[in-house]
Amino acid sequence: MKKWMIGALAAAASLTMSAPAFAADPLTLQLKWVTQAQFAGYLVAKEKGFYDEENLDVTIKPGGPDVSPVQVIAAGGADVIVNWMADALASREKGVKLVNIAQPFKGSGLLLVCRKDSGIASPADFKGHTLGVWFYGNEYPFMAWMNKLGYKTEGGPDGVTVLKQAFNVDPIVQKQADCISAMTYNEYGQILDAGLKPEDLVVFNYRDQGVGMLEDGLYVLEDKLADPAFVDKLARFVKASEKGWQYARENPDEAAQITVDADESGSQTLEHQKYMIGEVNKLTAGTSGALDPADYKQTVGTLLSAGGVISKEPDAAATSTVVTDKAGLK
């Protein structure tokens with residue numbers, strides 16, 4: 001009997017040693033911007049092993065001023081991208097068939113921050129002033145707002161002058177612009193760090209002005225969703241990512257440290273990432289990661305009012321619940 005057991009154990013060991021190793025499924029995510037807590041859910045999911053638990057080998061590619069996520073995925077450089085819905089729908093109409101498969105961000109963080117000493121107290125005061133605006137697809141909410149207000153954007157006493165804003169807060173600090181674009185979780189904090197105080201500023205949240213649009217959704221190319229294996233891989237990715245977002249909300253200090261550690265540029269500071277994760281967590285709270293049809297409808301309606309960003313309502317294939325349904329996210 002003893003001899004039989006030894007033989008059986010030896011055979012089992014032999015089988016174990018000769019069994020093929022099953023590699024995790026590779027998946028590449030292209031971020032919309034540089035590595036920062038705006039993307040903490042993905043960074044946390046990777047660091048805490050949530051992707052490993054789903055048998056995924058996820059590569060997270062940082063973005064930057066010279067990186068267009070749309071161009072990256074169209075060229076085959078990523079499986080899934082983070083993008084704003086306005087840019088995604090505009091790109092779809094131009095021929096890059098992006099599909100929203102999940103929406104981790106429930107709220108919009110886009111602001112227009114003005115100097116109080118410019119004399120601006122309400123949108124009615126914008127006339128004749130210089131406003132800083134980000135481009136590369138980030139200008140669409142601004143265009144929708146100005147269209148709603150009836151302001152032309154070519155300057156002049158009855159319109160507004162648009163300053164093509166770099167991704168910093170210098171224009172408002174140095175008084176090159178009366179107002180600049182800012183995110184709640186990033187540039188607004190930088191403005192305060194630069195020495196301006198909340199009482200020096202007038203802040204307009206696009207959401208409160210009725211022109212807020214969905215930000216930081218997950219998008220893939222439409223034809224890829226015809227592959228059941230790819231959909232299964234995406235479902236595991238979205239499920240693990242949501243676990244990462246939940247962990248980031250429950251452990252903000254650790255999420256900030258994970259972000260700093262993941263930043264290969266070394267430019268992020270722990271103090272600012274703690275500020276950022278605190279604000280980002282407000283935008284991801286209250287969502288399972290599945291797209292809310294009412295939020296989508298509101299974004300499309302605002303885009304259609306922007307005047308030329310999209311010419312018609314997107315077709316039904318612009319969004320899909322196949323991934324979040326398979327991931328069990330409702």
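D178 sits in the loop that runs between α7 (170–173) and β8. In this predicted model, D178 is partly exposed, because its relative accessible area is 21% and buried requires under 20%. The residue that follows the loop, C179, belongs to strand β8 and pairs with C114 of strand β5. The points below start from D178 and the disulfide, then take up T184, helix α6, the annotated domain, the cavities and the pockets.

**D178 and its surroundings**
- Leaving aside residues up to four places away in sequence, D178 is in contact with V113, C114, R115, S118, I120, H129, T130 and I172.
- One of these contacts, C114, is also a partner in the disulfide with C179.
- From D178 to E154 the C-alpha distance is 16 Å, with their positions 24 residues apart in sequence.

**The disulfide**
- The whole structure contains 1 disulfide.
- It is formed by C114 and C179, whose sulfur atoms lie 2.2 Å apart.
- The bond joins distant parts of the chain, C114 in strand β5 and C179 in strand β8, at a separation of 65 residues.
- The disulfide is right-handed, because the torsion about the S-S bond of C114 and C179 is about 100°.
- C114 is at 0% relative accessibility and therefore counts as buried.
- C179 is likewise buried, with a relative accessible area of 0%.

**T184**
- T184 is found in the loop between β8 (179–183) and α8 (187–193).
- T184 has a relative accessible area of 14%, so it is buried.
- Outside its sequence neighbours up to four places away, T184 touches G109, L111, N205, Y275, E279 and L283.

**Helix α6**
- Helix α6 covers residues 140–149, and its buried residues are Y140, P141, F142, A144, W145 and M146.
- These buried residues pack against two helices, α5 (85–93) and α12 (293–304).
- They also pack against the strands β5 (110–115), β6 (130–133), β7 (161–164) and β9 (201–205).
- G150, just after α6, takes a positive phi of about 85°.
- Two buried residues of α6 also line cavities: P141 is in the lining of the largest cavity, and F142 is in that of the second largest.

**Annotated domain**
- An unreviewed UniProt entry carries the annotation "domain: SsuA/THI5-like" for residues 37–255.
- In the model, the end C-alpha atoms of residues 37–255 are 8 Å apart.
- This span is 34% helix and 20% strand.

**Cavities**
- There are 2 cavities of 30 Å³ or more.
- The largest cavity has a volume of about 50 Å³.
- Its lining consists of W84, M85, A86, S108, L110, P141, Y206, G212, M213, L214 and E215.
- Sorted by class, the lining of the largest cavity has 8 nonpolar, 2 polar and 1 charged residues.
- The second largest cavity has a volume of about 40 Å³.
- L110, V133, W134, N138, F142, S181 and Y206 line the second largest cavity.
- Its lining has 5 nonpolar, 2 polar and no charged residues.
- L110 and Y206 appear in the linings of both cavities.

**Pockets**
- The largest pocket holds about 530 Å³ of space.
- The lining of the largest pocket comes to 28 residues, and K32, V67, P69, Y136 and N138 are those nearest its centre.
- Helices α4 (69–74) and α5 are the elements that give two or more residues to this lining.
- The class counts for the largest pocket are 14 nonpolar, 9 polar and 5 charged residues.
- N138, which lies among the residues nearest the centre of the largest pocket, also lines the second largest cavity.
- The second largest pocket has a volume of about 320 Å³.
- It is lined by 15 residues, with T35, L43, A262, D263 and E264 the closest to its centre.
- Helices α2 (40–47) and α10 (252–262) each supply at least two residues of the lining of the second largest pocket.
- That lining has 7 nonpolar, 3 polar and 5 charged residues.

Definitions and conventions
Residues numbered from 1 in each chain as written. Predicted model: local features only at pLDDT ≥ 70, side-chain atom pairs only at ≥ 80, totals over all residues. Heavy atoms only, no water. Buried < 20%, exposed > 50% of the residue type's maximum accessible area, 1.4 Å probe, protein only. Helix = DSSP H or I, 4+ residues; strand = E, 2+ residues; numbered from the N terminus. Contact = heavy atoms within 4.5 Å. UniProt positions renumbered as here; feature names shortened; annotations may be inferred. 1 Å grid on protein atoms, 1.4 Å probe; cavity = no way out; pocket = protein on both sides within 12 Å on 5 of 7 lines; lining within 4 Å. Points joined across faces, edges and corners; volume = space filled by probe spheres on them. Nonpolar A, V, L, I, M, F, W, Y, C, P; charged D, E, K, R; others polar. Disulfide = S-S within 2.5 Å.
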